[in-house]
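The exercises below are to be worked through with the sequence and the coordinates side by side. Each task is followed by a solution that proceeds in steps.

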Amino acid sequence: MSRTKARAALLQELEDAMRRSSAQGVLYGQTVANVAGIANSDLECMDILYLEGRVTAGRLAEVTGLTTGAITGVVDRLEKAGLVRRERDEKDRRKVFIAVVPEAIAGLGQYYVPMQQAMENVCNGYSDEELRLLLRFSNEAYKGTLAATEALKALLDTPPEKRPDLKLKKRPRRT
């Protein structure tokens with residue numbers, strides 16, 4: 001196999017592995033959401049709130065790509081479930097922040113222990129240098145996913161008759 005074909009096959013294998021991992025992560029999250037009694041998309045918003053910290057509904061809409069109206073529904077459901085609370089800004093009472101309820105995070109966190117343990121076991125097989133490479137890759141992949149999401153939104157905002165005819169690349173598979 002030529003070097004070009006070998007690289008294409010390797011890229012396909014990496015893409016397949018990432019897709020499998022991503023799909024399994026979604027299924028894991030869905031299981032946690034089911035136990036928590038909330039929608040998977042609401043759980044994803046919770047995760048963003050946990051990572052971002054206290055944010056406004058506008059910021060949560062910006063980060064998720066959801067409309068502010070949709071975010072209001074998400075926050076209402078999460079608040080009703082006792083997972084988040086609305087907090088007024090001390091300096092500007094018109095401004096409202098969405099914050100996670102720490103006790104609720106502790107309750108949900110128990111369902112992530114098996115995932116955390118599994119990932120620790122995986123990471124134990126890598127050197128610090130390899131982990132730095134994986135971290136760099138993960139951060140760059142995140143940025144790539146953000147760019148792809150924006151490109152998809154732009155595509156969907158284009159009238160169907162003016163959209164380009166996009167086709168997935170066919171890559172050879174390693175045998």
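Two residues are taken to be in contact when heavy atoms lie within 4.5 Å. The model is a predicted one, and the values that follow are computed from it.

**Exercise 1.** Locate threonine 56 and determine which residues, leaving aside neighbours within four places in sequence, it is in contact with.

Solution. Begin with the secondary structure, where threonine 56 is found in strand E1. Next, set aside the neighbours within four places in sequence; the contacts of threonine 56 are then Lys95, Val96, Phe97 and Ile98. Strand E3 spans residues 96-100, and the open sheet of 3 strands has the order E1-E3-E2 with antiparallel pairing. Finally, for a distance along the chain, take alanine 148, which is 92 residues from threonine 56 in sequence and 25 Å from it in space, C-alpha to C-alpha.

**Exercise 2.** Describe the sheet, stating which strands are the edge strands and how many bridges join E2 to E3.

Solution. Start from the strand order, E1-E3-E2. The edge strands, each pairing on one side only, are E1 (55-56) and E2 (84-88). Then turn to the pairing of E2 with E3, two strands that run antiparallel and are joined by 5 bridges; in one such pairing, arginine 85 has alanine 99 of E3 as its bridge partner. To place the sheet against a helix, note that H2 lies across E1, E2 and E3 and runs at about 100 degrees to E3.

**Exercise 3.** Work out how helix H2 packs against H3 and against H4, and which residues make each contact.

Solution. For the first pair, H2 (residues 40-52) and H3 (residues 57-64) pack at an angle of about 110 degrees, with their axes 11 Å apart. Because angles of 65 to 115 degrees count as roughly perpendicular, H2 is roughly perpendicular to H3. The crossing in which H2 passes H3 is right-handed. On the H2 side the contact is made by Cys45, Ile48, Leu49 and Glu52, and on the H3 side by Arg59, Leu60, Val63 and Thr64; by class, these residues divide into 5 nonpolar, 1 polar and 2 charged.

For the second pair, H2 and H4 (residues 68-80) pack at about 85 degrees, their axes being 10 Å apart, which makes H2 roughly perpendicular to H4 as well. Here H2 contributes Asp42, Cys45 and Met46, while H4 contributes Ile71, Val74, Arg77 and Leu78. Sorted by class, the contact of H2 with H4 has 5 nonpolar, no polar and 2 charged residues.

**Exercise 4.** Find the helix that holds tyrosine 28, and list what tyrosine 28 touches, not counting residues up to four places away in sequence.

Solution. Tyrosine 28 belongs to helix H1 (residues 3-36). With residues up to four places away in sequence not counted, tyrosine 28 touches Tyr111, Tyr112, Pro114 and Met115. For a separation, consider glutamate 87, which is 59 residues from tyrosine 28 along the chain, the two C-alpha atoms being separated by 30 Å.

Methods: Residues are numbered from 1 along each chain as its sequence is written. This is a predicted model: local features need pLDDT of at least 70, side-chain atom pairs count only at pLDDT 80 or more; totals for chains, interfaces and linings use all residues. Side-chain values use heavy atoms; hydrogens and water are left out. Axes are lines fitted to C-alpha atoms, for helices over the stretch in contact, and angles run from 0 to 180 degrees between N-to-C directions. Helices (H or I, at least four residues) and strands (E, at least two) are DSSP runs, numbered from the N terminus. Angles under 35 degrees count as roughly parallel, over 145 as roughly antiparallel, 65 to 115 as roughly perpendicular and the rest as oblique. A crossing is left-handed if the near helix is turned anticlockwise from the far one by less than a right angle, and right-handed if clockwise. Ala, Val, Leu, Ile, Met, Phe, Trp, Tyr, Cys and Pro count as nonpolar, Asp, Glu, Lys and Arg as charged, and the others, Gly among them, as polar. Two strands pair if DSSP finds at least two bridges between them.
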